[in-house]
Every structure is written in structure tokens, then in C-alpha cells.
Amino acid sequence: MDDLYSVGTVVRVRHVMPASEDCVRLMCEGERRALLLAVNDEGHFSSADFAELPSDLEGDENEIIGYAERAKTLFFMLSKERGRLAGELLRIIEGETDPDVVANMVAANGLRRLDQKQIILETRNVLERLKQLVVFMQAELNLARIEQEIEEKTKAHIEQQQRDYYLREQLKV
């Protein structure tokens with residue numbers, strides 16, 4: 001159990017889907033952040049003792065709101081850049097007014113790197129969490145733009161090679 005993080009999320013399982021003969025996929029909804037206190041070996045499974053990890057709301061309220069709105073904006077821009085616009089998720093995030101929830105939802109759905117998600121999860125102060133999230137999201141957006149640029153250049157190069165090949169074949173005939 002050494003590979004467990006000390007901070008995690010208490011979730012509610014919403015749906016169980018068989019993925020293969022010996023594997024299932026779970027659709028979960030995060031309910032709250034938790035601090036792992038102990039792991040108990042129960043034979044064929046393990047259970048955990050945990051304590052709720054409340055958020056620290058200290059900081060300027062307007063600054064917190066500003067960072068939450070910026071995180072939302074970056075999430076919408078990133079979703080558009082990646083070409084993955086999940087309408088329902090976008091509407092939920094757009095309508096969310098609790099900066100704590102915004103930070104959790106944007107991090108869970110916008111960040112790709114697990115280590116970055118964990119940093120956000122472990123940061124108790126909401127303002128600090130949002131500041132870090134904005135930095136990570138801006139980097140994700142920059143990376144997505146570079147990936148899109150590479151894809152466009154690659155596609156143009158392949159198309160040019162195909163045109164050149166087609167013209168050479170026509171000249172042979």
C-alpha cells in the first residue's frame with residue numbers, strides 16, 4: 001500500500017460497466033477530499049480510515065472569484081482546442097459558482113497529468129489551489145496549441161507528399 005497518496009477523493013459509484021472478463025469500469029462522482037489515516041487489510045480486500053479534508057477559504061473573495069472565472073475560461077478554451085466539447089460538462093462548470101468545486105472539476109477534467117491533479121487535490125487553500133490550477137491550465141492550453149500546430153504541419157506535409165507522388169505517377173503514364 002506504499003503507492004497510495006495520503007490525500008484522495010471520497011466518491012460515490014454511479015455506474016458499473018463490465019470492461020472485460022475480469023475487469024469493470026466505474027463511473028464515479030467525487031463528493032469530498034479526504035486524508036488517508038490508515039489502510040486495513042480485510043483479507044480479499046482493503047478498507048481505509050479517513051478524515052474529511054476541509055478547504056481553507058482564506059483570501060480575498062474577489063481574487064478567489066477572479067481566479068475561478070479564469071480557470072473556467074481556460075477550461076473552455078482548452079476543450080475547444082482539443083476538439084472535445086462535452087456539452088453537459090461545460091454547462092455544469094459554467095453554472096458552478098463555488099470556487100472550491102470549480103477548482104476540483106476543472107482539475108479533474110482539464111488536466112492530463114496525475115501529478116498535477118494530485119497537487120491541486122492536496123492544496124487546502126482554495127485561492128492557492130486556483131492560482132496553481134490556472135498555471136497548469138495555461139500550460140495545458142499552450143501544449144494543446146503546439147500539438148494542433150504539429151498535427152496541421154504533419155497533415156500538410158503528408159498531403160504534399162501524396163500530391164507529389166500522384167503527379168509523378170501521372171508523368172510515368
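**Exercise 1. Classify Glu147 by its relative accessibility, and then determine which residue it pairs with and which parts of the chain the pair connects.**

Solution.
Step 1. In this predicted model, Glu147 has a relative accessibility of 37% and therefore counts as partly exposed. The class follows because buried means under 20% and exposed over 50%, with partly exposed in between.
Step 2. The partner of Glu147 in a salt bridge is Arg112, and their closest N and O atoms are 3.4 Å apart.
Step 3. Arg112 is located in the loop between helix H3 (99-110) and helix H4 (114-122), whereas Glu147 belongs to helix H5 (residues 126-172), so the pair ties together parts that are 35 residues apart in sequence.
Step 4. Arg112, at 39% relative accessibility, likewise counts as partly exposed.

**Exercise 2. Determine how the side chains of Glu128 and Lys131 interact, and how these residues are placed relative to one another in helix H5.**

Solution.
Step 1. The two side chains meet in a salt bridge, with an N to O distance of 3.9 Å. This pair qualifies because the cut-off for a salt bridge is within 4 Å.
Step 2. Glu128 and Lys131 are three residues apart in helix H5, which means that about one helical turn separates them.
Step 3. Glu128 has a relative accessibility of 41% and counts as partly exposed. Lys131 is partly exposed as well, its relative accessible area being 26%.

**Exercise 3. Identify the salt-bridge network that includes Glu31 and Arg32, and describe the pair itself.**

Solution.
Step 1. Salt bridges with shared partners join Arg12, Glu31, Arg32 and Glu52 into one network.
Step 2. Within the pair, Glu31 forms a salt bridge with Arg32, and the closest N and O atoms lie 3.6 Å apart.
Step 3. Glu31 counts as partly exposed at 38% relative accessibility, and Arg32 counts as partly exposed at 32%.
Step 4. For the structure as a whole, the number of salt bridges is 15.

**Exercise 4. Locate Glu63 and establish which residues it touches beyond four places away in sequence.**

Solution.
Step 1. Glu63 is found in helix H1 (residues 61-82).
Step 2. When residues up to four places away in sequence are not counted, Glu63 touches Leu127 and Lys131.
Step 3. Glu63 and Leu127 are 64 residues apart along the chain, and their C-alpha atoms are separated by 7.6 Å.
Step 4. With a relative accessibility of 30%, Glu63 counts as partly exposed.

Notes
Residues numbered from 1 in each chain as written. Predicted model: local features only at pLDDT ≥ 70, side-chain atom pairs only at ≥ 80, totals over all residues. Heavy atoms only, no water. Buried < 20%, exposed > 50% of the residue type's maximum accessible area, 1.4 Å probe, protein only. Helix = DSSP H or I, 4+ residues; strand = E, 2+ residues; numbered from the N terminus. Contact = heavy atoms within 4.5 Å.
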